[in-house]
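Please look over the sequence and the model below before reading on. The paragraphs that follow lead through the model part by part.

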Amino acid sequence: MPETVPTTEGTMTWSVPNTGRECQTWYKVHGDLKSGVRPLVVLHGGPGLTSDYVAPCSILTTQRSIPVIIYDQIGNGRSTHLPEKMGDTTFWTEQVFLDELKILLIHLGIYEDYDLFGNSWGGMLAARHAARQAGGLKHLVIMSSPASLDLWIENQKVLRRKLPQAVQDTLEKCEREGMTDSKEYQDGINVYSSHFLCTVDPMPEPLKASFEALVKDPSVYFTMYGQNRFNVTGTLRTWSILDDASKISVPTLLTNGAMDEAADSCVHPFFKLIPRVKWVQFAKSSHMAHFEEPDLFFNVVGEFLKE
């Protein structure tokens with residue numbers, strides 16, 4: 001296999017409804033889309049993060065010659081920002097991102113034959129896309145994604161009770177006193193993240209970069225999720241795919257970590273409802289197995305995509 005692979009960066013210009021202007025979605029292609037090997041499109045999480053932290057998926061290009069496409073979803077990173085839409089719950093919905101994905105697949109000329117990988121929110125988006133039987137999707141990878149926000153919220157309550165008592169007390173005190181924007185509260189969030197989001201210390205630079213981008217422009221995250229990790233108030237609050245997961249007909253790889261904030265209770269409905277599904281859990285990982293157990297993780301994904 002080649003040690004280095006060609007990369008191509010580009011932007012897709014498209015008309016986003018109710019913006020009054022054309023917008024751009026930035027993407028990067030690792031490998032050759034004309035190589036004859038089915039490409040893998042990678043969807044990052046958030047919503048409102050960037051693709052920096054999923055860029056390591058390009059190892060699949062280096063090791064297995066699979067063309068890998070990453071992109072910054074509209075609203076952040078190198079794609080068009082829409083800060084004027086902060087708080088617009090009629091605009092920032094799942095549909096914007098479903099439209100963006102479909103248009104990008106067509107733009108790249110791969111709509112008739114592609115695989116799809118999504119982490120966290122990206123996996124939720126990928127699952128919805130797959131449930132709608134769209135295009136030429138052949139394989140689906142759902143990494144650490146909840147099947148509904150109700151399950152996600154309930155599990156976060158469980159995980160909070162596993163934190164050191166002093167951290168739990170700090171979080172509760174700040175919430176009670178309206179201090180959720182304080183450094184004290186953020187420090188408590190950071191402890192939670194170090195247990196259940198990514199156990200690698202220090203935080204990997206690509207993941208750090210994605211979170212820094214979200215802090216710089218939180219328009220998407222605040223509107224769709226909320227201003228507080230533990231209080232979901234945005235347009236995703238009622239999100240669920242429980243009624244549609246059985247419509248996912250392609251072979252599906254479901255993964256999570258043993259210490260994942262997307263715990264077994266969050267992902268199990270996918271395993272129960274998707275007809276052709278394989279579930280792999282990574283024993284030494286939380287929400288970011290591609291950083292925590294990269295060799296094993298990408299071997300599992302790569303072997304699945306061969307099937």
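Over the face of which ring does Lys 85 lie? In this model, which is predicted, Lys 85 lies over the face of Phe 91, at 5.0 Å from the ring centre. Phe 91 in turn belongs to a cluster that ring pairs build from Phe 91, Trp 92, Phe 97 and Trp 121. A charged side chain is placed over a ring elsewhere too, where Arg 78 lies over the face of Trp 26, at 4.0 Å from the ring centre.

Phe 97, one of the rings in that cluster, leads on to the interior, since it is named with Val 41 and Phe 117 among the residues that have the most contacts inside the largest nonpolar core, a set of 86 residues. Helix 3, which covers residues 121-131, gives the most to this core, with seven residues. Leaving aside residues up to four places away in sequence, Phe 117 touches Leu 40, Val 41, Val 42 and Leu 43, and its further contacts are Cys 57, Val 141, Met 143, Phe 297 and Val 301. Apart from the largest core lies another one, of ten residues, among them Val 167, Cys 174, Ile 189 and Phe 196. As a general background, nonpolar side chains in soluble globular proteins tend to be buried together.

The aromatic rings deserve a closer look. A pair of aromatic rings is described by the distance of the centres and the angle of the planes. A search of the whole structure finds ten aromatic pairs. In one of them, Tyr 192 and Phe 230 meet edge-to-face, with 5.1 Å from centre to centre and 90 degrees between the planes. Tyr 192 lies in helix 6 (residues 183-196), while Phe 230 lies in the loop between helix 8 (219-224) and strand 7 (252-257), so this pair ties together parts that are 38 residues apart in sequence. Both partners are buried, Tyr 192 with a relative accessible area of 0% and Phe 230 with a relative accessible area of 16%. The rings of Phe 271 and Trp 279 make a tilted pair, because their centres are 5.4 Å apart and their planes stand at 55 degrees. Here the partners are partly exposed, with a relative accessible area of 37% for Phe 271 and of 25% for Trp 279.

Helix 4 can be followed as an element in its own right. Its twelve residues, 149-160, should span 16 Å at 1.5 Å a residue, and the end C-alpha atoms are 16 Å apart, which agrees with that expectation. Which residues of helix 4 are buried? They are Leu 149, Trp 152, Ile 153, Asn 155, Gln 156, Leu 159 and Arg 160. These buried residues cover an arc of only 165 degrees around the axis, and therefore they sit on the same side of helix 4. What covers them includes helix 3, helix 5 (165-176), helix 6 and helix 9 (264-273).

Some features of the backbone remain to be pointed out. Most residues other than glycine have a negative phi, and most peptide bonds are trans. The peptide bond from Gly 46 to Pro 47, however, is cis, with omega near -5 degrees, and Pro 47 is found in the loop between strand 3 (40-43) and helix 1 (59-64). The bond from Asp 201 to Pro 202 is likewise cis, with omega near 0 degrees, and Pro 202 is found in the loop between helix 6 and helix 7 (205-216). Asn 18 has a positive phi of about 65 degrees although it is not a glycine, and Asn 18 lies in the loop between strand 1 (7-15) and strand 2 (22-30), where it counts as exposed at 64% relative accessibility. Ser 65, also a residue other than glycine, has a positive phi near 60 degrees; Ser 65 lies in the loop between helix 1 and strand 4 (68-71) and is partly exposed, with a relative accessible area of 28%.

The path ends at Lys 306, which is found in helix 11 (residues 294-306). At 58% relative accessibility, Lys 306 counts as exposed, because the limit for that word is over 50%. From C-alpha to C-alpha, Lys 306 and Lys 247 are 23 Å apart in space, and they are 59 residues apart in sequence.

Technical notes
Residues numbered from 1 in each chain as written. Predicted model: local features only at pLDDT ≥ 70, side-chain atom pairs only at ≥ 80, totals over all residues. Heavy atoms only, no water. Core = buried A, V, L, I, M, F, W, Y, C linked by side-chain atoms within 4.5 Å. Buried < 20%, exposed > 50% of the residue type's maximum accessible area, 1.4 Å probe, protein only. Helix = DSSP H or I, 4+ residues; strand = E, 2+ residues; numbered from the N terminus. Contact = heavy atoms within 4.5 Å. Phe/Tyr/Trp six-rings, centres within 6.5 Å; stacked < 30°, edge-to-face > 60°. Lys NZ or Arg CZ within 6 Å of the ring centre and 35° of its normal. Expected span 1.5 Å × (residues − 1). Arc of directions from axis to C-beta.
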